[in-house]
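Subject: The structure we talked about

Hi there,

Here is the structure I promised to pass on. Please open it alongside this email, and then read on for what turned up in it.

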Amino acid sequence: MVLTLLLCAGTCRAGEYTLTMPSFDDGQHQYYHELLRQSFAAIGHTLTIKPLKDYPFKRIMHMLETGEASAMYLIRSTDRDRRFVPVNVGLTNGLIGKRILLVPPEEVDAFKGVRTLEDFRKLNRTAGLGESWFDVDVWRYNRLPVKTLADWRLIYEMAAHRDRGIDYFPRGFVEIMGEHDRHHELVIEPHLMLVYKRDFIIYLSQRDKDLAPVLRKALVHARESGLMDRLLRKHYKRSFDALRPEKRRVIRVALPPGM
């Protein structure tokens with residue numbers, strides 16, 4: 001009882017936990033919220049998630065620093081490990097590190113002949129990425145041209161019109177189908193999958209650091225019991241069916257040292 005109350009740190013009663021987390025109008029948060037709730041239920045606890053409205057990425061990071069947000073799923077990096085409290089259990093079985101391209105329709109076959117990372121470089125196409133995203137350093141380290149925007153949601157239109165120096169938008173396997181549904185001005189490139197070895201994890205605010213042990217226990221159980229895989233297949237069935245990752249040519253991109 002004492003241990004449970006210490007883990008709650010004033011935010012919950014024994015066996016009942018609360019996280020304040022961002023939610024998004026496009027529903028991209030739904031898998032992560034269900035994973036957390038079911039993971040807690042599987043080890044005998046109740047988790048309530050209080051949703052925050054759809055904020056820009058920079059605002060979410062600020063809210064996590066101040067404790068206005070309890071937690072957020074983010075790609076792990078050494079910088080984030082310093083700023084927040086990492087719960088080092090991958091949330092997508094590596095699927096977020098499998099990047100597929102959104103491109104203008106006229107570019108759908110532009111990458112057809114790519115077999116290696118060097119082939120990809122020679123095309124000299126520029127990726128659009130959000131400012132401060134993990135991918136920015138990865139693309140630059142691999143000598144791939146990139147342009148960043150503070151408001152990443154503008155990238156779709158810029159890539160479609162190709163008038164702002166952006167040729168494609170690399171998106172994670174678990175992101176791209178939903179985004180394509182909302183942005184028909186772009187198409188899904190059918191041949192490639194750029195892969196780096198990294199996953200989303202949960203980061204807690206420093207204010208909520210005492211919740212890390214129970215979060216880790218719940219997520220490890222979800223991974224080892226198969227719950228995580230079942231929820232991935234449930235939420236992203238259409239992605240597995242349509243994207244056919246086993247048929248795509250894998251282009252491996254390296255992570256910068258220290259990341």
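Below are my notes, going from the strands to the helices and then to two single residues.

Please keep in mind that this is a predicted model.

**The sheet with S3, S11 and S4**

Let's begin with an open sheet of 3 strands, which are ordered S3-S11-S4 and pair in the antiparallel sense. Strand S3 (71–75) and strand S4 (85–87) are at the edges with a single partner strand each, so each of them has one side without a neighbour in the sheet. On average, and ignoring direction, neighbouring strands here are turned by 40 degrees against each other.

S3 and strand S11 (residues 200–204) run antiparallel and are joined by 5 bridges. If you want to find the register on screen, methionine 72 has tyrosine 203 as its bridge partner in S11, and isoleucine 75 is opposite phenylalanine 200 in S11.

How much of S3 is buried? The strand is mostly covered, with 5 of its 5 residues buried. In a regular strand, side chains alternate between the two faces of the sheet. In S3, Ala71, Tyr73 and Ile75 lie on one side, Met72 and Leu74 lie on the other, and all of these are buried, which leaves both faces covered.

**Strand S10 and its partners**

Strand S10 (residues 192–195) is also covered on both faces: Leu192 and Leu194 are buried on one side, and Met193 and Val195 are buried on the other. S10 pairs with strand S5 (residues 98–103) in the antiparallel sense over 2 bridges. With strand S12 (residues 249–252), S10 runs parallel, and 4 bridges join the two. Leucine 194 is a handy residue to click on here: arginine 99 stands opposite leucine 194, and leucine 194 also stands opposite isoleucine 251 in S12.

**Helix H9 and what it packs against**

H9 has contacts with the S3-S11-S4 sheet and with two helices, so I will take these in turn, after a word on the helix itself. The 14 residues of H9 should span 20 Å at 1.5 Å a residue, and this agrees with its end C-alpha atoms, which are 20 Å apart. Its buried residues are Ala212, Val214, Leu215, Ala218, Leu219, Val220 and Ala222. After H9 comes glycine 226, which has a positive phi, near 90 degrees.

Packed helices are described by the angle between their axes and the distance between those axes. For helix H2 (residues 30–42) and helix H9 (residues 212–225), the axes come within 8 Å and cross at roughly 90 degrees. This makes H2 roughly perpendicular to H9. On the H2 side, the residues that meet H9 are Leu35, Leu36, Ser39, Phe40 and Ala42, while H9 brings Val214, Leu215, Ala218, Leu219, His221 and Ala222. The contact of H2 with H9 consists of 9 nonpolar residues, 2 polar ones and no charged ones.

H9 also packs with helix H10 (residues 227–235), at an angle of about 75 degrees and with the axes 4 Å apart. That makes H9 roughly perpendicular to H10 as well. Leu219, Ala222, Arg223 and Ser225 of H9 make this contact with Leu227, Met228 and Arg230 of H10. The contact of H9 with H10 divides into 4 nonpolar, 1 polar and 2 charged residues.

**Serine 77 and arginine 82**

Is serine 77 buried or exposed? Serine 77 has a relative accessible area of 8%, which means it is buried. You will find serine 77 in the loop between S3 and helix H4 (78–83). Leaving aside residues up to four places away in sequence, serine 77 touches Phe134, Arg198, Tyr203 and Met259. Tyr203 is also the S11 bridge partner of methionine 72.

Arginine 82 sits in helix H4. Its relative accessibility is 61%, so arginine 82 counts as exposed. Arginine 82 and valine 187 are 105 residues apart along the chain, and their C-alpha atoms are separated by 37 Å.

Have a look around, and let me know if you would like to go through any of this together.

Best wishes

Definitions and conventions. Residues numbered from 1 in each chain as written. Predicted model: local features only at pLDDT ≥ 70, side-chain atom pairs only at ≥ 80, totals over all residues. Heavy atoms only, no water. Buried < 20%, exposed > 50% of the residue type's maximum accessible area, 1.4 Å probe, protein only. Pairing = 2+ DSSP bridges. Axes fitted to C-alpha atoms, helices over the stretch in contact; angles between N-to-C directions. Parallel < 35°, antiparallel > 145°, perpendicular 65-115°, else oblique. Contact = heavy atoms within 4.5 Å. Nonpolar A, V, L, I, M, F, W, Y, C, P; charged D, E, K, R; others polar. Expected span 1.5 Å × (residues − 1).
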